Amino acid sequence: MSAEPEIKITSKPLSGKNPLVLMGFPGSGLVGSIALQYLVEQMEFEQIGNITSKYFPPVAMMAKGVINVPVRIYEKAETAAIVADIPIHPMICYEVANGIIDWLTRFPVKEVITIAGIVTNEPEKRVFGVATHEEMLARIQDETVILPMGSISGIAGSILTECKIRNIPGYGFLGETVNTPDPRSAAATLKVLNTLYGMDIDVDPLLEQAAEIEATMHKLAEDVQSTETIQKKENLPMYG
């Protein structure tokens with residue numbers, strides 16, 4: 001009796017002759033998942049498959065009353081996208097990355113791009129770039145800040161490592177973020193895709209969403225501060 005696979009991919013074959021593959025998973029600032037979900041909606045990608053695993057959290061996602069699988073595969077023309085709504089636990093990053101790249105090697109993939117966040121607590125919203133091969137850096141050096149050294153953790157790092165081992169061209173675009181949902185950082189990474197791959201993604205609605213999120217968070221912070229002030233006053237000792 002064969003062992004159950006670590007991950008299960010149920011999908012149509014990629015139809016592009018030499019597809020570009022984009023991936024976004026929840027992480028710092030939710031940059032990858034925000035960017036990729038926005039991309040597939042704006043460009044009207046078709047969902048062609050799902051990824052499941054016995055190691056994924058036992059949750060089902062829901063939108064407008066309809067259940068959706070937490071990790072999905074989309075495609076349009078020569079571009080495919082893998083979008084996740086759930087974080088991948090560090091203990092299974094290798095298995096998930098290995099399973100995805102195993103599946104992708106059935107097709108003549110052009111490049112793999114992972115989009116993620118990097119926490120700097122700076123306001124610039126720069127996009128940092130890495131590549132699996134040194135000669136690939138020249139292509140992105142004008143649009144990203146090349147990371148001189150360090151590490152990329154989580155599933156994004158595992159995907160890029162698998163690409164390196166298997167000699168698949170891979171890029172990592174890391175949006176500068178604080179560790180809260182950050183549509184502005186996601187928009188910055190999409191602008192890089194626009195320039196490098198001519199995707200023509202309109203990021204203005206995403207930036208409007210960012211303003212709404214920031215306003216909500218600012219109001220929440222004010223409410224929390226107000227509550228703390230009231231509690232401190234209530235706890236003051238009584239004299240006289």
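In this predicted model, the second largest pocket holds about 290 Å³ of space. Its lining is made up of 15 residues, and those nearest the centre are Ser33, Gln37, Glu41, Arg72 and Asp85. Two or more lining residues come from each of α1, β4 (61-63), β7 and α6 (204-234), with α1 giving the most, five residues. Sorted by character, the lining of this second largest pocket has eight nonpolar, four polar and three charged residues.

Turning to the largest pocket, the space inside comes to about 730 Å³. Here 35 residues form the lining, and Ser151, Ile152, Gly157, Leu160 and Leu174 lie nearest the centre. At least two lining residues are supplied by each of β8, β9 (127-131) and α4 (154-165); the largest share, seven residues, belongs to α4. The lining of the largest pocket comprises 21 nonpolar, 12 polar and two charged residues.

The interior can be followed in a similar way. The largest nonpolar core contains 33 residues, and the members touching the most others are Leu39, Ile113, Phe173, Leu190, Leu193 and Met199. Elements that each supply at least two residues of this core include α1 (31-42), β7 (79-84), β8 (111-119) and α5 (183-197), along with the strands β2 (20-24) and β11 (170-177). Of these elements, α5 provides the largest share, eight residues. Leu193 offers a helpful close-up: beyond its neighbours within four places in sequence, this residue is in contact with Leu22, Leu39, Ile113, Ile115, Phe173, Gly198 and Met199. A second core, separate from the largest one, has 30 residues, among them Ile73, Ile82, Leu104 and Ile168.

Definitions and conventions
Residues numbered from 1 in each chain as written. Predicted model: local features only at pLDDT ≥ 70, side-chain atom pairs only at ≥ 80, totals over all residues. Heavy atoms only, no water. Core = buried A, V, L, I, M, F, W, Y, C linked by side-chain atoms within 4.5 Å. Buried < 20%, exposed > 50% of the residue type's maximum accessible area, 1.4 Å probe, protein only. Helix = DSSP H or I, 4+ residues; strand = E, 2+ residues; numbered from the N terminus. Contact = heavy atoms within 4.5 Å. 1 Å grid on protein atoms, 1.4 Å probe; cavity = no way out; pocket = protein on both sides within 12 Å on 5 of 7 lines; lining within 4 Å. Points joined across faces, edges and corners; volume = space filled by probe spheres on them. Nonpolar A, V, L, I, M, F, W, Y, C, P; charged D, E, K, R; others polar.
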